[in-house]
Amino acid sequence: MIIDHDVIILGTGLAGLRAAVEIACKSGDMVNMGIVSKVQLMRAHSVCAEGGTAAMLREEEGDNLDLHAWDTVKGSDFLADQDVVYRFVETSPQEILLLDHWGLPWSRTDDGRILQRPFGGHSYPRATMAADKTGFFEMQTLYDTLTQYKNFTRYDEVFATSIIAEKGRFCGVTMIDASTGEFNVLRGKVLLIATGGLGTLYGFTTYSQTVTGDGQAMAYRAGLALEDSEFLQFHPTGLVPSGILMTEACRGEGGYLRNKNGDRFMEKYAAAKMEVAPRDIVSRAEMTEIIEGRGFEGPKGLDYIHLDLTHLGADKINHRLPLIREVTMKFLGLDPIYEPIPVRPVAHYSMGGIEADINGKTKMEGVWAAGEVACTSLHGANRLGANSTAECLVWGGFAGAEIVKYLGTNPGIPDMPADRVEEEEKRIFQDMLMRDGNENPYQLRRELREVMDFHMGVFRTGDEMSAGLEKVRKLKERFNNVNIQDKHRIYNSNLINTLELENMLLLAETMIVAALAREESRGGHSRRDFSKRDDVNWLKHTLITPTDNGPKLDYKDVTITKWKPVERKY
Ligand SMILES: Cc1cc2nc3c(=O)[nH]c(=O)nc-3n(C[C@H](O)[C@H](O)[C@H](O)COP(=O)(O)OP(=O)(O)OC[C@H]3O[C@@H](n4cnc5c(N)ncnc54)[C@H](O)[C@@H]3O)c2cc1C
């Protein structure tokens, strides 16, 4: 079946929904949208965002835009584009107020103002929150707002498999409707890719199992460059052994990190900021403590340190961190009011993504990208906490507005090359589904995650990464012999998980290739064999594109408008 829309929004997380609201609002509900999610709309990963959304709201009390911009640039280890950062910090306060007007129940001060709390790497408490369920309330508010408009169709549980373009112009997206097993095509004048991150490339991760990098992989296959793929963020506080996030708000509210001697070890690594230093620094500090024998022995090699909230008191924990208490009690039978929480660094966020300009526009005509899937060069080598949900809102808004402008030029819906659609259908339903191979996709996925956990962790070396790349390439070969047990079409989660695995294998390769090439340490990319930042040779963004001979690397300059790189001390 071929279905036409003016705009296809791939992804219903914060970025996708914010863009949909902007398009509906700016166009007076005149633009017809197809809104696609591989799970139910409200199950997008964004509902899991916990701690807060960054915005400068308190100029009269000492915060200012320059400070938020400086914190972001310094946090990025000077790889962020400063024009992009500035536009971001100027716009995020408006997004907070918009959501307030649309009904979001922000946590409040006693005198009724929007409450903000400290977050890692920020010099002012500017994480705006709804307790520790911020993403859920943001999603709910955006969806409620969207339902005031009528001109959209929801495609829930519909899995996109490829982006089809002709002569550099977007034509449509191929997709499998899980509930019917039908292979459909959505044609459109515009595509917004808002498919989120790739966290489940790793075994020990904070991400929902749905976050498999599909959008990045589809864009890459369609010829778009991925930018800064080597920069993967490890969050300092993943619950051991599940990896569930213990939000940075735990430390923002005053929680301590302690080693097995009971010491607050951050004193040695970032004496001024202590536990609320940026994530790359805290994660390295924790791993150093563990490697040097000052951690606790954990299950399955997951040695850990303690996140101690016991001094915060029951009232603060119950009001500001209720989800954290619920999760630790349910998963470990541990009450953080009385006992410290076992945590260690955990794969959390992809700083890299589809190369996009300051408006979220990609290099393909008719295609924008927003949210975690995109790389607008906002986060550079290390994202600051609370800047991601803010990014989703800001660039959802920008992309939505730009798309409405573009539609004003009457672009029309291009013809879809029928042979490409047939090829994709055959590739999936004949070659892949009916193949009588002997490789189990779930075993391959497990092995991939072990490779990434082991070879692409907080600390890296060239030798470890080369060995990891070899293993990933072997897994890719074995994937060609994959056997999907369920041969049916309806709700075939085996098939969808296998397509996700194919995407993950591709992205693991690009990530390692980019990381191996970058012979320096910067932000989330920390090499034992090149332990210093090297601004002379590496103050540049990585671009990676597909060729017949595998991934090809290029580089582009970082935009520096105000702050020259200096040593990063906290
Ligand atoms: C546990 C956790 C807590 C976090 N807390 C915070 C926080 O407090 N503050 C902060 O700033 N950041 C936080 N982050 C980061 C932040 O939540 C994410 O970066 C952000 O929510 C990503 O939103 P998104 O709109 O880009 O994508 P997502 O919310 O991941 O949405 C992706 C959408 O794309 C769809 N999709 C994906 N692939 C396909 C496909 N093949 N076909 C069809 N649809 C597809 C999905 O179904 C979904 O609808 C947190 C991250 C984690 C893991």
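These questions and replies walk through a predicted model, from its domains to its ligand and its backbone.

Me: What makes up the two domains, and how far apart are their C-alpha centres?
Reply: Domain 1 covers 237–348 and domain 2 covers 418–557. Their C-alpha centres lie 30 Å apart.

Me: What makes domain 1 and domain 2 count as being in contact?
Reply: Contact requires heavy atoms within 4.5 Å. Seven residues of domain 1 meet that condition with six residues of domain 2. Therefore the two domains are in contact.

Me: How much area do domain 1 and domain 2 bury between them, and which residues of domain 1 supply the most?
Reply: The two bury about 440 Å² between them, and 74% of that is on carbon and sulfur atoms. On the side of domain 1, Asp-280, Arg-284 and Ile-291 supply 69% of the area buried against domain 2. No other three residues supply more.

Me: Which helix gives the largest share of the side of domain 1 that touches domain 2?
Reply: Helix α8, residues 279–291, gives six residues. By kind, the residues on this side of domain 1 are three nonpolar, two polar and two charged.

Me: How many salt bridges and polar contacts join domain 1 and domain 2?
Reply: The rule finds zero salt bridges across this interface. One residue pair is in polar contact, with both residues at pLDDT 80 or more.

Me: Why is the pair of Glu-230 and Arg-518 called a salt bridge?
Reply: The cut-off is 4 Å, from a side-chain nitrogen of Lys or Arg to a carboxyl oxygen of Asp or Glu. Here the closest N and O atoms are 2.7 Å apart. That is within 4 Å, so the pair qualifies. Side chains of opposite charge can pair when their charged atoms come close. The structure holds 56 salt bridges.

Me: What makes Glu-230 and Arg-518 distant parts of the chain?
Reply: They are 288 residues apart. Glu-230 sits in the loop between β10 and β11, and Arg-518 in the loop between α15 and β19.

Me: Which residues are closest to the ligand?
Reply: The ligand is surrounded by 37 residues. The closest are Ser-46, Gly-51, Glu-372, Ser-388 and Thr-389.

Me: Why does the approach of Ser-388 to the ligand count as a polar contact?
Reply: The limit for a pair of N or O atoms is 3.5 Å. A polar side-chain atom of Ser-388 lies 2.7 Å from an oxygen atom of the ligand, so the pair passes. Gly-51 places a backbone N or O atom 2.7 Å from a ligand oxygen. For a backbone N or O atom of Leu-14, the distance to a ligand oxygen is 3.1 Å.

Me: What is the omega of the peptide bond from Val-240 to Pro-241?
Reply: Omega is near 5°, and the bond is cis. Pro-241 lies in the loop between β11 and α6.

Me: What is notable about phi of Ala-131?
Reply: Phi is near 45°, a positive value in a residue other than glycine. Ala-131 belongs to the loop between β5 and α4.

Notes: Residues numbered from 1 in each chain as written. Predicted model: local features only at pLDDT ≥ 70, side-chain atom pairs only at ≥ 80, totals over all residues. Heavy atoms only, no water. Domains from an automatic or database assignment. Buried area = accessible area lost by both parts, 1.4 Å probe. Polar contact = N/O pair within 3.5 Å; in protein donor to acceptor, adjacent residues only side chain to side chain. Helix = DSSP H or I, 4+ residues; strand = E, 2+ residues; numbered from the N terminus. Nonpolar A, V, L, I, M, F, W, Y, C, P; charged D, E, K, R; others polar. Near = heavy atom within 4 Å.
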